[in-house]
Amino acid sequence: MNNTSSSVNGPLSVNQEATRRQILRWGAMGGAAVILSGAPGAAWAKPKGPQERVRAYVLVVDGCRPDEITPALTPRLAALRGSGTTYPAARSLPVMETIPNHVMMMTGARPDRTGVPANKIYDRAEGVQRDLDRPTDLRFPTIIERLNQAGRTTGTVLSKEYLYGIFGERATYRWEPAPIVPVSGHAPDAATMDAIIAMVDAADPDLVFTNLGDVDRMGHSDLSGTTLQAARTAALASTDRQVGRFIDHLTATGKWDTSVLLVLADHSMDWSIPTNVISVDLILREREDLRSQVVIAQNGGADLLYWTGPAASRDSGLAEVSSLVAAHPGVLAVADPSSLRLGPEAGDLIATCRAGWRFSDPYVVSNPIPGNHGHPATEPIPFFISGGSPRVRAGVVSSEQARTIDVAPTLGFLFGMNAPAGGYDGTARSSAFTG
Amino acid sequence: MSPFTRRDVLRAAGTVAVVGAATASVGAPSALSAPVTAGPFRHGVASGDPLPGGVLLWTRVTPSNESLPGSGAGPEVTVTWEVSNSPEFRRIVSRGSTATGPWRDHTVKVDATGLEPATTYWYRFRMGKVVSPVGRTRTAPASGAPVDGLRIGVVSCANLQAGWFSSYRHLAAHPDLDLVLHLGDYLYEYAPGEYQARDVVVRPHDPAIEMTVLEHYRRRHAQYKQDADLQALHAVAPFVVTWDDHESANDAWSGGAENHTEGTEGAWQARRAAAQQAYAEWMPVRYDAGGQLYRRLTFGSLASLSMLDLRTYRDEQASGPTDPAVDDPARSITGEAQMDWLLNGLSSQDAQWKLVGNPVMITPIRFPSTLSTAELGAMQQLLGTTTIDGVPYNVDQWDGYAADQSRVLRHLRDRAISDTVFLTGDIHSGWACDLPADPATYPVNGNSVGVELVCTSVTSDNLDDILRVPPRTASLSVESAFKANNPQVKYLDFDSHGYSVLNVTPAGLRMDWYVLTERTDPRSTVARSQSWQVAAGTQKVTPAGGQA
């Protein structure tokens, strides 16, 4: 193999790291080497399966709004949507953040069963605010693991470091995002797509779970978000080209006719101007007795509030906090996290903002980014099932309200899997398939 | 409420010609239809408010010569009803009987239950050996069931004195109507000469006075129900109705109306109660007099339809666009309970399309600053309001209740509620509008939280009638000015009369506007004038091409 050729894909080397994992260096388009890892004993040169085989690819266009997929701006995604079954009423689920919704996709379960309600929580045991980015944070079996147990192979190609962190080594084949863009903590879509293609070529898993992070990251930082959305628009066009690359590659390698693509977003995006900022810490500053007993985990358009004071004053204290926070003109609602099935990790109160606002704690300058999500305004997502497989119903628009949590049940339906113990909280979108 | 009321305009208009007053009997039939003009079932048959398992059936019987509408006379009689799944009534799937009499003006309204969802049925009534005309109706799809499409006729503002109901006749000819949405002003309260087609009373109202008491309201309903074209439309599809103001009196609010003089015309509460009783008796609607008219119907997973009542609970209209009351958060057009019900319904995720039967416009509209004095005067007459550049142009609409308007639009934006469509009447003109998420940035980013589609009047006067110019002449410049000043307005026709047909599918919805050639001609033809569509998930109206 010539790893400097722009037209050559192929293995460069395979290393066995004792019994823990294998490392594969794969020559990607453009000359860069993609580093993939595999479970012990996983085959890298998987023979082609029977023609009736199904290859499932979950492509998460992180942060994409459903109205951003248009024939003019994103022609490949729009064509893909038009040639499959689409769910225009699809929604993300609380908290509308990346980690919990990716977890819901792969488990089919709500956060009170998975243990993953938000990107960032206050870890009472450790006494710190932290991202839920550890494999042990996820306590519900994923469709990835269950497919593996059923003898199928899986892959994860996740552009964000914390996603790579929480899904860990669950998949048969993994890609650790690289190169990482400073500050954003994600790998560019071009690199991510190199990795997807490399993984499909090298291992051809039955399921590949992919996150493309550019659209989200450009949305967060787009200073023209409330008007022109210049950077965001450029990212959408670029990501669309990467998706097109993948479709073309599947077609060129003869895999398209057995491929099912489930394309969705984990949440959408909402932009605010610098004056529309809510600081819960600032709100509570006049009540130091309350402020000192509340810890805030900031999640963009949502704040999770944790009572750390005496248990005896918890109910009255939270009631006062709720009342004070709810009175802010930018606050949409303050709710008990259990009402949203978020589980104890989400704390004692969840405050969400109105459209066009954002939380910023502890200071109003702590969150300078104009694009945020986590609040109800960021629930609508694209969600469509397409591909060359004859099992995909083409040209169908469904009124069903698909949700991120429906991905695992839908994959389970596609692969003939039983539901996990206790059942799914999501619904298999079987209306997208024939037979 | 304003220095220029419709009544003032009418009085100022001078002599009014009453065409046909001497020759047209009450409920004179259309030249093209074969109405039921005599016999016990002379007011036709109707159905309404379809549910997955049932539908309301309506008729009115005239069992004796003295049993005239509003008379309070005549015997109690038993009326039986039958529902079949074939027009020949080969198999009866539901039947029953009910008593009626003068206490309810001999109207009959029954809830036919035990029916299958999404199924077309035929129904008829019997009184003794006399059988009514046959009506066709259709039940709603089952809750949560997938639905490929829904076809809805949309109408409003049918003033019998202003013309013939050719719109109803042509709408009835459309195939496969699932239902007809009537957005109010189903009938008008005025006496002959008070409000008609420009200066011409095409068909005089009965009774020949403004309706103020129960007898009047009953007789006026009866007159309209004897119109052949209206009977034809009622007979082909279930109606879903709400009232606007003219079912009681012009610019009605919870404590009165512009066209009500307390004392001289009795007490408003008594007058409104009479109007509501007649409405409950004569309309195929799930409403009991004094009860709650606002309600929600669902059509599988495809659509919900929230029908609003914007007259019963509203505060009095502001005196004009610059009245600080416009922005008073304590004032409401819906009332608190209905507002909570509406917002909760919009948040519901049970159906994709959130259709709202909305008697008056909700799109924020500002007066253009470029209108001539004559144009401003005409707008005053059409809208019954003062006109001041750059301010809300009609305080009888949601614009006059800015807090409620903002609360609804803000709710749609904050919750990112998709596929909300306000279906509106009242304003005697055709509109297709986006609902800007933020008026300040809408001209740049076009972000919209929903759409509003407004059908024009069946007959009631509009701008060219008030300007006394031919249609599509002087109004064009006014429309251009409005659209230039209000970029959210994509389509506007201030002149035409007609009806609309709404097709709803999971992929999108499309409204076609049909306009009459001449409302005063009983043989008026109709033509499709405009088509606009809303793709699912976009919250924006765009032009639609192709066939209706």
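This report covers the contact between two chains, the two domains of chain B, and one helix of chain A. The model is predicted.

**Chain contact**

Chain A and chain B touch through 19 residues of chain B and 19 residues of chain A. On the chain B side, helix H8 (402–414) and helix H9 (442–445) of chain B each contribute at least two residues. That side of chain B consists of seven nonpolar, eight polar and four charged residues.

**Domains of chain B**

The domain assignment splits chain B into domain 1 (6–30 + 141–543) and domain 2 (41–140). Their C-alpha centres are 28 Å apart. The contact between them involves 29 residues from domain 1 of chain B and 28 residues from domain 2 of chain B. At least two residues of the domain 1 side come from each of helix H3 (214–225), helix H4 (228–236), strand E13 (239–241), helix H5 (268–282) and strand E16 (295–299) of chain B. H3(B) gives the largest share, five residues.

The table sets out the classes of residue on two of these sides.

| Side | Nonpolar | Polar | Charged |
|---|---|---|---|
| Chain B, touching chain A | seven residues | eight residues | four residues |
| Domain 1 of chain B, touching domain 2 of chain B | 17 residues | five residues | seven residues |

**Helix H2 of chain A**

In helix H2 (residues 98–107) of chain A, 10 of the 10 residues are buried, so the helix is largely enclosed by the rest of the structure. Among them are Pro100(A), Asn101(A), His102(A) and Met104(A). The buried residues of H2(A) pack against strand E4 (55–61), helix H3 (111–114), helix H4 (143–149), helix H5 (161–167), strand E10 (207–212) and helix H12 (407–415) of chain A. After H2(A) comes Gly108(A), with a positive phi near 75°.

Methods. Residues are numbered from 1 along each chain as its sequence is written. Chains are lettered from A and ligands numbered from 1 in the order in which they are written. This is a predicted model: local features need pLDDT of at least 70, side-chain atom pairs count only at pLDDT 80 or more; totals for chains, interfaces and linings use all residues. Two residues are in contact if their C-beta atoms, placed from the backbone, lie within 7 Å. Helices (H or I, at least four residues) and strands (E, at least two) are DSSP runs, numbered from the N terminus. Ala, Val, Leu, Ile, Met, Phe, Trp, Tyr, Cys and Pro count as nonpolar, Asp, Glu, Lys and Arg as charged, and the others, Gly among them, as polar. Domain bounds come from an automatic or database domain assignment. A residue is buried if 20 or more other C-beta atoms lie within 10 Å of its own, exposed if 12 or fewer, and partly exposed in between; C-beta atoms are placed from the backbone.
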